[in-house]
Amino acid sequence: MMDAVAEETKTTMAYDNLKLERQAPVAVLTIDRPKVLNALNDATIAELSRAFDELAADPDIRCIILTGGGDKAFVAGADIGELARCDVQGGIAKSKRGIDLLFKMEGLPKPIIAAINGFALGGGCEIAMACDFRIAADTAQLGQPEVTLGIIPGYGGTQRLPRLVGAGTAKKLLFTGDRIKADEALRIGLVDEVVPAAGLMEHCQKLAQRISERGPLAVATVKKAVNFGLNVDLPAGCEYEITHFGVLCASEDQKEGCNAFLEKRKPGFTGR
Ligand code: COA
């Protein structure tokens, strides 16, 4: 049995800073630089962008779990060694690459679950905020400590954090650079769930498997509609919903889902 499971797991070896395990329908993408608490250097950002393209194109993958290597950190921020050498142009380019990556994640037609297994600081907190859910280990700590380094967040933190937790709470975190524990992050809405550290991956896997059983076109469209709606007013968001509701009515998945219900059987969605 173990062998059968191992055979089905496809591990991609083409990354220096990531581990990508594809056990369809779920992929686990691990940012894997534990010696520096998975700090995001430029090479890691580039690899993440490539990995998400690869996962978007893989028809067997329906849900992605993003986590950090080792047992201490999800991601402890941008790599401060690289940051220290940035001039104005370098800083702008670095920020833009991170911002582009996070938009790619939000635009990906598959859910991404952040399994926050430790420190999620600076760019780590920002990358988690671009995921569809944040599930934190009870040992996790989150924060935006950039002001302690004399800079501001550069991967969208000044924008996504207030949208998630409200302006006052966001400014408090952004002005102080304080780290907060998982239970406080849950209270303010920065994470969606807190679970015991030992059960984090199993919990995320169960959620990912459940989502993967649903119609993939429908799940992708829900993600698009929610993200679109967060940036426009209610009537524009509802117009978007009307159109895409109609579009999905032309899909094979819609016929399969409705017929399966009527025939009292489990649907077999194909994503068409
Ligand atoms: N960039 C580069 N290296 C980092 C890093 C980062 N963002 N975060 C941690 N590291 C490195 C440390 O320099 C250390 O390397 P060393 O073993 O060669 O000295 C290693 O990771 C372990 O970190 P350490 O600080 O010894 O662990 P700790 O448990 O004492 O503290 C943190 C953990 C997360 C509180 C602390 O590492 C920290 O504050 N990191 C920076 C967080 C930050 O400001 N991020 C935003 C960047 S914009």
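This short presentation covers one sheet and the surroundings of the ligand in a predicted model.

Good morning, colleagues. Let me begin with the sheet. Its 4 strands run in the order β5-β7-β9-β10, and the sheet is open, with mixed pairing. At its edges lie β5, residues 73–75, and β10, residues 179–181, each of which pairs on one side only. On average, neighbouring strands of this sheet are turned by 20° against each other, direction ignored. As general background, the strands of a sheet pair through backbone hydrogen bonds, in either a parallel or an antiparallel manner.

Let us look at one pair in detail. The edge strand β5 pairs with β7, residues 119–121, in the parallel sense, over 2 bridges. Within this pair, V75 has A120 of β7 as its bridge partner.

I now turn to the ligand. Which residues come nearest to the ligand? Of the 17 residues around the ligand, these are K72, A76, A78, I80 and R179. By class, the shell comprises 11 nonpolar, 1 polar and 5 charged residues. Strand β7 appears here again: β7 and α3, residues 80–83, each supply at least two residues of this shell.

Three polar approaches deserve mention. In the side chain of K72, an N or O atom is 2.7 Å from an oxygen atom of the ligand. At I80, a polar backbone atom is 2.9 Å from a nitrogen atom of the ligand. For K35, a backbone N or O atom lies 3.4 Å from a ligand oxygen atom. As for coverage, the ligand taken alone exposes 850 Å², and the protein buries 58% of that.

Thank you for your attention.

Technical notes: Residues are numbered from 1 along each chain as its sequence is written. This is a predicted model: local features need pLDDT of at least 70, side-chain atom pairs count only at pLDDT 80 or more; totals for chains, interfaces and linings use all residues. Side-chain values use heavy atoms; hydrogens and water are left out. Two strands pair if DSSP finds at least two bridges between them. Axes are lines fitted to C-alpha atoms, for helices over the stretch in contact, and angles run from 0 to 180 degrees between N-to-C directions. A residue is near a molecule or strand if one of its heavy atoms lies within 4 Å of it. A polar contact is a pair of N or O atoms within 3.5 Å; within protein, one must be able to donate a hydrogen and the other to accept it, and residues adjacent in sequence count only if both atoms are side-chain atoms. Accessible areas come from the Shrake-Rupley method with a 1.4 Å probe; for residues, only the protein chains shown count as cover. Ala, Val, Leu, Ile, Met, Phe, Trp, Tyr, Cys and Pro count as nonpolar, Asp, Glu, Lys and Arg as charged, and the others, Gly among them, as polar.
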